[in-house]
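Here are a few notes to read alongside the model. Keep the structure open while you go through them.

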Amino acid sequence: MQIISHPSPNFGDRLGGHRPELIVLHYTAMTDLGKTLARLCDPRVQVSAHYLITKGGAIYHLVDEAKRAWHAGQGQWGGRGDVNSRSIGIELENSGFEPFSAPQMQALTLLLIAVQNRHAIAPKGVIGHSDMAPDRKSDPGARFDWCALAMRGLSVWPSLYVKQVPVAKFFGAARAFGYSVDDEAQILSAFRLRFRPQASGPLAFEDAALAVDLANRFAVDAPLKPA
Ligand SMILES: [Zn+2]
């Protein structure tokens, strides 16, 4: 794993004594790598991430993991705010409308293994920006292969065994898993973006079955860090 040091001035101290318990994945929605790096290092813009992974699989290290990078913004996961103080942010060079390349996913895999080991972050602590800010964010988007990450033990994925579950159980289960906004439509769209990107239409029993399975196995009420 080759890591290129490219320090950004856009960071501060983690607040409230928080340590990384989440890893938040993003796409850059930009096509020019030079401009992307310049933006993530521009003090006037006040955005950054700990890492940026290019389409070719190069990993740029922008902010020290001990510091609070500015990638998450307003939002919550598991009812906990100030996600920046609780997380490591990883930007993936991607427009949002294209597949993520094999070298990029390989680099992400190696980086996640290293970061999760360093901070004892459980697979369920690896989330998308859209999970913690469903009202305003849709990255890493419908093209991101969460299932592949889960198969490598680096994130979570619901059981493919779908049984009839009352649709009314969906929102309680999705909240137990971590979704924390009030608006139910936003929860459903964020959930589907990650777990059923092909789905549309009203809430269905498949949504409820997958959410209940995730809540049963990966509820956020349990400590995010392994015991
Ligand atoms: Zn983002």
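The points below go through the two domains and the place where they touch.

1. First, a reminder that this is a predicted model. The domain assignment splits the chain into domain 1, residues 3-151, and domain 2, residues 167-218. Try finding both stretches on screen; their centres, taken over C-alpha atoms, are 23 Å apart.

2. Now look at who takes part in the contact. Domain 1 brings 16 residues to it, and domain 2 brings eleven.

3. How much area do domain 1 and domain 2 bury between them? It comes to about 1200 Å², with 63% of that on carbon and sulfur atoms. On the domain 1 side, pick out W77, K124 and P134: together they supply 39% of the area that domain 1 buries against domain 2, more than any other three residues.

4. Next, the polar side of things. The interface of domain 1 and domain 2 has one salt bridge. If you zoom in on D131 and R194, you'll see that they form a salt bridge, with their closest N and O atoms 2.7 Å apart. Across the interface there are also five residue pairs in polar contact.

5. Which elements give two or more residues to the side of domain 1 that touches domain 2? They are β8 (126-128) and α4 (129-132). Of the elements, β8 gives the most, with three residues.

6. Finally, colour that side of domain 1 by residue type. You should get six nonpolar residues, seven polar ones and three charged ones where domain 1 touches domain 2.

Note on methods
Residues are numbered from 1 along each chain as its sequence is written. This is a predicted model: local features need pLDDT of at least 70, side-chain atom pairs count only at pLDDT 80 or more; totals for chains, interfaces and linings use all residues. Side-chain values use heavy atoms; hydrogens and water are left out. Domain bounds come from an automatic or database domain assignment. Contact means heavy atoms within 4.5 Å. Buried area is the accessible area (1.4 Å probe) that two parts lose on being put together, summed over both. A salt bridge is a side-chain nitrogen of Lys or Arg within 4 Å of a carboxyl oxygen of Asp or Glu. A polar contact is a pair of N or O atoms within 3.5 Å; within protein, one must be able to donate a hydrogen and the other to accept it, and residues adjacent in sequence count only if both atoms are side-chain atoms. Helices (H or I, at least four residues) and strands (E, at least two) are DSSP runs, numbered from the N terminus. Ala, Val, Leu, Ile, Met, Phe, Trp, Tyr, Cys and Pro count as nonpolar, Asp, Glu, Lys and Arg as charged, and the others, Gly among them, as polar.
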